[in-house]
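Thanks for coming. I have one structure to go through today, and I will take it region by region.

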Amino acid sequence: MVLSPLILLSLYSVVYLVIFRVQPASMTQHDYVLYILSGMVPFLGFADALTTGSASLSSNKAILLNTVYPAELVPLRAVLASHAMTIVGLGVVVLASLFLGSYSWALVLLPALLLFQVMLVLGIAWILALVTLLLRDISHVLGFVTMMLLIMSPIAYTPDMVPDRLQLIVYLNPLSYFITSFQEIVAFGRIPAISTLGIIVCLGVSSSWLGYWVFNRVKKVF
């Protein structure tokens with residue numbers, strides 16, 4: 001639980017700083033490391049939760065016929081378990097920010113941000129978990145989708161580095177709002193814009209509500 005995020009974060013730091021040698025002019029090297037890590041940790045949690053949550057029912061089909069154990073708890077359990085490593089990773093990044101002196105009281109917002117991210121991916125996982133029962137190739141498609149999201153998410157680059165004609169791609173990606181908020185808090189010690197926080201709340205609440213509603217309406221059919 002501790003070594004895995006440490007190894008991953010170290011590898012990504014080496015790739016971007018040493019191999020690609022990417023560093024925005026407005027950041028020091030330490031700031032850029034925190035910027036990458038604070039964006040990569042929630043993304044990895046989202047990607048893992050999306051994959052395991054979507055496959056959770058297909059690997060536990062018997063629960064669908066169980067009248068005692070609610071089937072909707074299976075994707076929920078998978079999503080929560082996938083974010084356990086995210087919590088550890090965020091703890092490592094926060095400790096690094098404290099060590100480097102880049103910290104503020106805005107860090108208290110991290111649990112709320114993570115909660116709304118869990119709500120976002122949970123709503124998607126509830127729907128995809130049912131679809132995967134019929135379309136087993138969904139798991140292969142998700143690998144491609146997460147790779148696209150990794151490229152479209154401002155993890156190793158800042159949104160203002162994206163050309164104007166491609167800006168829309170970044171802002172159509174719901175993960176961008178979560179990632180930039182984590183980066184604002186951890187790397188810069190700033191509270192994200194109110195508009196960004198409002199979008200995050202709307203995304204988390206609407207996704208979880210829609211996913212739960214769809215799941216309960218169609219689970220008996222499946």
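One term before the details: a polar contact here is a pair of N or O atoms within 3.5 Å, where one must be able to donate a hydrogen and the other to accept it. Also keep in mind that this is a predicted model.

I will start with an example of that term. The side chains of Asn173 and Ser153 make a polar contact at 2.9 Å. Asn173 sits in the loop between helix H7, residues 167-172, and H8. Is Asn173 buried or exposed? Asn173 counts as buried because its relative accessibility is 1%, and the cut-off for buried is under 20%. Setting aside residues up to four places away in sequence, Asn173 touches Leu149, Met152 and Ser153. So Ser153 appears both in that contact list and as the polar partner of Asn173, within the 4.5 Å used for contacts. As for Leu149, 24 residues separate it from Asn173 in sequence, and the C-alpha atoms are 7.4 Å apart in space.

Next, the core. The largest nonpolar core has 55 residues. Those with the most contacts inside it are Tyr32, Phe43, Phe46, Leu57, Val79, Val93 and Leu110. Which elements give two or more residues to this core? They are H1, helix H2 (29-55), helix H3 (73-82), H4, helix H5 (110-134), helix H6 (138-152), helix H8 (174-188) and helix H9 (194-218). H5 gives the most, with 14 residues.

Val79 is one of the core residues with the most contacts. Leaving aside neighbours within four places in sequence, Val79 is in contact with Ala49, Gly53, Val118, Val121, Leu122 and Ala125.

Val79 also leads to a histidine. The backbone oxygen of Val79 is reached by the side chain of His83 at 3.0 Å. Where is His83 found? The place of His83 is the loop between H3 and H4. His83 is buried because its relative accessible area is 3%, under the 20% limit. There is a second polar partner: the side chains of His83 and Gln117 are joined by a polar contact of 3.3 Å. With residues up to four places away in sequence not counted, His83 touches Gly45, Phe46, Ala49, Leu114, Gln117, Val118 and Val121. Ala49, Val118 and Val121 are in that list and are also among the contacts of Val79.

Moving to H4. Ser97 is located in helix H4. At a relative accessible area of 0%, Ser97 is buried. What does the side chain of Ser97 reach? The side chain of Ser97 reaches the backbone oxygen of Val94, at 2.6 Å. Ser97 and Pro24 are 73 residues apart in sequence, with 18 Å between their C-alpha atoms.

H4, residues 84-100, also holds Met85. Met85 counts as partly exposed because its relative accessibility is 31%, and partly exposed runs between the 20% and 50% limits. Met85 belongs to a nonpolar patch on the surface, together with Met1, Val2, Leu3, Leu6, Ile7 and Leu11. Together these residues have about 660 Å² of accessible area. The largest share of the patch, four residues, comes from helix H1, residues 3-19.

Now charged side chains. Side chains of opposite charge can pair when their charged atoms come close. How many salt bridges does a search of the whole structure find? The search finds one. In that salt bridge the side chains of Arg190 and Glu184 meet, at 2.9 Å from N to O. Arg190 is partly exposed, at a relative accessible area of 43%. Glu184 is partly exposed as well, at 22%.

Last stop, helix H9. Thr196 is placed in this helix, and so is Gly198. Thr196 counts as buried because its relative accessibility is 16%. Gly198, by contrast, is partly exposed at 31%. With residues up to four places away in sequence left out, Thr196 touches Tyr177, Thr180 and Ser181. Tyr177 is also a reference point for Gly198: the two are 21 residues apart in sequence and 9.9 Å apart in space, C-alpha to C-alpha.

That is the end of the tour. I can go back to any of these regions on the screen.

Conventions: Residues numbered from 1 in each chain as written. Predicted model: local features only at pLDDT ≥ 70, side-chain atom pairs only at ≥ 80, totals over all residues. Heavy atoms only, no water. Patch = residues over 30% accessible without salt bridge, like charges linked within 9 Å, V, L, I, M, F, W, Y side chains within 5 Å. Areas by Shrake-Rupley, 256 points an atom, 1.4 Å probe, with all protein chains shown as cover. Salt bridge = Lys/Arg side-chain N within 4 Å of Asp/Glu carboxyl O. Buried < 20%, exposed > 50% of the residue type's maximum accessible area, 1.4 Å probe, protein only. Core = buried A, V, L, I, M, F, W, Y, C linked by side-chain atoms within 4.5 Å.
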